[in-house]
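Student: Could you take me on a close look at one part of this structure, the strands in the middle and what sits around them? I would enjoy one connected walk rather than a list.

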Amino acid sequence: MEIRPYQDQDKAGLLALWEEIFPAGSPHNDPQTSLENKLRVDRDLLFVALIDDVVIGSVMGGYDGHRGWIYSLAVSPPLRRQGIASALMHTIEEKIKSLGCLKLNLQVIASNDKVIDLYEELGFSVEDRISMGKKLY
Ligand SMILES: CC(C)(COP(=O)(O)OP(=O)(O)OC[C@H]1O[C@@H](n2cnc3c(N)ncnc32)[C@H](O)[C@@H]1OP(=O)(O)O)[C@@H](O)C(=O)NCCC(=O)NCCS
């Protein structure tokens, strides 16, 4: 298994992974749009995990000069519980830290609360915040 920054040759594999794991419910989650937008802004914060050149995992980061954010952590279902997500998280954390970022945030959809165990193992804790969002389309 290899983890490295996204390259153009990963496009079909990454879109297939995201389409399987994050079915688009709205335009801001559409895999193709998400990928095109990320490639325009900080594309070096998009990492993939590969086995034999096949994309089997992903993580996307963001850093706006104040906080770092984690998005799109995903691992192909047959390959879960082998530490691949943890390795992706270590990679993006080190990359964002190297930019001078002091604090990482991430959001978990309430119905997906089983992944909280993973993030707690990686040093994240649930914070007393109310998450708000606004669609710009
Ligand atoms: C969440 C996800 C990325 C985890 O990938 P993974 O490669 O299986 O994670 P890891 O193997 O690194 O897990 C490390 C540890 O986290 C915990 N963990 C991971 N997945 C878990 C689950 N579904 N339930 C409970 N604990 C879990 C376990 O403690 C695990 O260690 P263990 O296997 O020794 O018990 C994967 O399940 C996935 O793609 N899910 C769908 C997308 C998603 O929900 N992404 C997160 C959005 S916030």
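Tutor: Happy to; what follows is a walk from strand 3 outwards to its partners, the core, the ligand and a few loops. Please keep in mind that this is a predicted model.

Let's begin with strand 3, which covers residues 54-63. Seven of its 10 residues are buried, so strand 3 is largely enclosed by the rest of the structure. As a reminder, a residue counts as buried if 20 or more other C-beta atoms lie within 10 Å of its own.

Strand 3 has a partner in strand 2, and the two run antiparallel, joined by six bridges. If you want a pair to find on screen, look for L46, which stands opposite M60 in strand 3. The connection between strand 2 and strand 3 is a hairpin with two residues between the strands, and D52 in that turn has a positive phi of about 50°.

Strand 3 also pairs with strand 4, again in the antiparallel sense and over six bridges. Here the pair to look for is G57, opposite V75 in strand 4. These two strands form a hairpin as well, with four residues between them; in this turn G65 has a positive phi of about 95°.

Now for the packing. In soluble globular proteins, nonpolar side chains tend to be buried together. The largest nonpolar core here has 25 residues, and those touching the most other members are L14, F47, V59, L73, L88 and I92. Strand 2, strand 3 and strand 4 are among the elements that give two or more residues to this core, together with helix 1 (11-21) and helix 3 (84-97). Helix 3 provides the largest share, six residues. L14 is a good place to zoom in: leaving aside neighbours within four places in sequence, L14 is in contact with Y6, L35, V48, V55 and S58.

From the core we can move to the ligand. Strand 4 and helix 3 come up again here, since each supplies at least two residues of the shell around the ligand, as does helix 4 (116-121). There are 18 residues around the ligand, and R80, A85, S86, D117 and L118 come nearest. By character, the shell divides into nine nonpolar, four polar and five charged residues.

The loops deserve a stop too. Between strand 4 and helix 3 you will find R81, which has a positive phi of about 60° although it is not a glycine. R81 is exposed, with 8 other C-beta atoms within 10 Å. D42, in the loop between helix 2 (31-40) and strand 2, is likewise not a glycine and has a positive phi of about 55°. With 15 other C-beta atoms within 10 Å, D42 is partly exposed.

Beyond helix 3, in the loop leading to strand 5 (104-106), sits L99. L99 counts as partly exposed, with 13 C-beta neighbours inside 10 Å. It also brings us back to where we began: L99 and Y63 are 36 residues apart along the chain, yet their C-alpha atoms are separated by 8.2 Å.

Finally, a word on the whole span. An unreviewed UniProt entry places the feature "domain: N-acetyltransferase" at residues 1-137. In the model, that span is 30% helix and 23% strand, with its end C-alpha atoms 38 Å apart.

Key. Residues numbered from 1 in each chain as written. Predicted model: local features only at pLDDT ≥ 70, side-chain atom pairs only at ≥ 80, totals over all residues. Core = buried A, V, L, I, M, F, W, Y, C linked by C-beta atoms within 7 Å. Buried ≥ 20, exposed ≤ 12 C-beta atoms within 10 Å, placed from the backbone. Contact = placed C-beta atoms within 7 Å. UniProt positions renumbered as here; feature names shortened; annotations may be inferred. Pairing = 2+ DSSP bridges. Near = placed C-beta within 6 Å. Nonpolar A, V, L, I, M, F, W, Y, C, P; charged D, E, K, R; others polar.
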